[in-house]
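Here is a walk through one protein structure, written for someone who hasn't seen it before. Have the sequence and the 3D view open as you read.

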Amino acid sequence: MAADAPPRVSSPSQQNPQAHDPPLPTILTYPSSSSSTTPPTLIAQGAEARLYRTTYLLPSLPCALKYRVPKSWRHPVLDARLTRHRILAEARILAKCRREGVPVPAIYGLDENAGWMAMEWVDGAPARVAINAWLRLRREREKGRRGLKRKEREGEQEVATTEEEKEDDNRNDKNDGGKEGSDSDDDDDPAPVTGDSPEDADLVALLRRIASAVGRMHKTGIVHGDLTTSNMMLQPPSTAPSAPAPDDANLLGGDIVIIDFGLASQSTSDEDRAVDLYVLERAFASTHSRVEALFIHILENAYGAAYKQAPVVLKKLEEVRMRGRKRSMIG
């Protein structure tokens, strides 16, 4: 009887256990997911989950697969229950947001027992990367303009002064000990972006889209829990320009897509919404400090246009800010 038994076939992960580090979830070890043309790629790894880029059904359809890693230090039964609950909760929140028109990734499939969820792959870069790149280009332009003005002033002085005055200037410069160096350091200190300049129009439009997307999410009754510009993707337009755009013409273009709802919850509390906004404000203060004041100003208008109960939330936000300042003062 033993001779008639079929040979035992090992699973793909057993055949090549050293193929990936960290090891892939079981769903990504089958031939349909681990083909040589579109192998799964680890994009990010956090404390709770890993994010992979892979394909769904067709090799031409990319998707993002979020896998909640089992916790060995937790009781297996408790870990399975928590994983199942969190996967289903996040999926319900994403589905609700999609129904209400909130810009979030679509869900392709999930297995709450295995701890994975496949979602739409969002092209583009995080808003954090795009805003910082735009700020760098703006600062370079500011330095260039200051350099041109400095050269123009020097040229005017050369025309207006005589050879004798130049010698006096040189003697004064030696006595001053090179004070001009400190002035150049002050010029390098970037000033806050006010949004009044025409070149700031793209940034102002992006900040309005961010505030509007958050307002629509709060209107739906969803609180994100970790609102940062790293959790907002800037999806480029479907029709890309045929010719390359100069400098930052399309750097801030595209639609805002909110991602990573692992800490999100369904809540109708104005206090929870205010805390959500405060977390986003603090993210701007730490990551895009030059834009913080401009974003707070835009938030009051664009957020209110998307959510009718915004005045109540913004009033609560003032209270949350006061508590945050008091906590920072006390330490």
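## Two tyrosines, face to face

Let's begin with Y108, which has a relative accessibility of 27% and therefore counts as partly exposed. Keep in mind that we're looking at a predicted model. Y56 gets the label partly exposed too, this time at 24% relative accessibility.

The structure holds 3 aromatic pairs. One of them is made by Y56 and Y108, a stacked pair with 5.0 Å from centre to centre and 25° between the planes. This pair links distant parts of the chain: Y56 belongs to strand 2 (residues 49–56) and Y108 to strand 4 (residues 107–111), with the two positions 52 residues apart.

## Two phenylalanines, tucked away

F284 and F295 make another stacked aromatic pair, at 4.1 Å centre to centre and with 10° between the planes. Since F284 sits in helix 7 and F295 in helix 8 (residues 292–306), the pair ties together parts that are 11 residues apart in sequence.

Are these two rings' residues buried or exposed? F284 has a relative accessible area of 0%, so it is buried. F295 also comes out at 0% relative accessibility and counts as buried.

## A closer look at helix 7

Helix 7 covers residues 270–287, which makes 18 residues. At 1.5 Å a residue the helix should span 26 Å, and its end C-alpha atoms are indeed 26 Å apart, so the two values agree.

What caps the N-terminal end of helix 7? That's S269: one of its side-chain oxygens lies 3.2 Å from the backbone nitrogen of E271. Along the helix, the buried residues are R273, A274, D276, L277, Y278, L280, E281, A283 and F284. You've already met F284 as half of the stacked pair with F295.

## Strands 1, 2 and 3

Back to strand 2, the home of Y56. Strand 2 pairs with strand 1 in the antiparallel sense, over 4 bridges. One place to find this in the viewer is A44, whose bridge partner in strand 2 is L51. A hairpin takes the chain from strand 1 to strand 2 through 3 residues.

Strand 2 and strand 3 run antiparallel as well, joined by 8 bridges. Here, R50 has Y67 in strand 3 as its bridge partner. These two strands also form a hairpin, with 1 residue between them. That loop is where you'll find L57. Its phi is near 70°, a positive value in a residue other than glycine. At 74% relative accessibility, L57 counts as exposed.

## E48 and its company

E48 is found in the loop between strand 1 (41–45) and strand 2. With 34% relative accessibility, it counts as partly exposed.

Which residues is E48 in contact with, leaving aside its neighbours within four places in sequence? The list runs Y67, R68, V69, K71 and R86. With R86, the side chain of E48 makes a polar contact of 3.4 Å. There's also G262 to consider: E48 and G262 are 214 residues apart in sequence, while their C-alpha atoms are 8.7 Å apart in space.

## An open sheet of three strands

Elsewhere, 3 strands form an open sheet in the order 6-8-9, with antiparallel pairing. Why do strand 6 (125–126) and strand 9 (255–258) each have one side without a neighbour in the sheet? They stand at the edges and each has a single partner strand, so nothing in the sheet lines the other side.

Strand 6 is joined to strand 8 (residues 232–235) by 2 bridges, and the two run antiparallel. Look for P126, which stands opposite M233 in strand 8. Helix 6 (residues 201–220) packs on this sheet and touches both strand 8 and strand 9, its direction making about 40° with that of strand 9.

## The loop after strand 9

One last stop is D260, which lies in the loop between strand 9 and strand 10 (265–266). The phi of D260 is near 60°, a positive value in a residue other than glycine. At 38% relative accessibility, D260 counts as partly exposed.

Terms used: Residues numbered from 1 in each chain as written. Predicted model: local features only at pLDDT ≥ 70, side-chain atom pairs only at ≥ 80, totals over all residues. Heavy atoms only, no water. Pairing = 2+ DSSP bridges. Contact = heavy atoms within 4.5 Å. Axes fitted to C-alpha atoms, helices over the stretch in contact; angles between N-to-C directions. Expected span 1.5 Å × (residues − 1). Buried < 20%, exposed > 50% of the residue type's maximum accessible area, 1.4 Å probe, protein only. Polar contact = N/O pair within 3.5 Å; in protein donor to acceptor, adjacent residues only side chain to side chain. Phe/Tyr/Trp six-rings, centres within 6.5 Å; stacked < 30°, edge-to-face > 60°.
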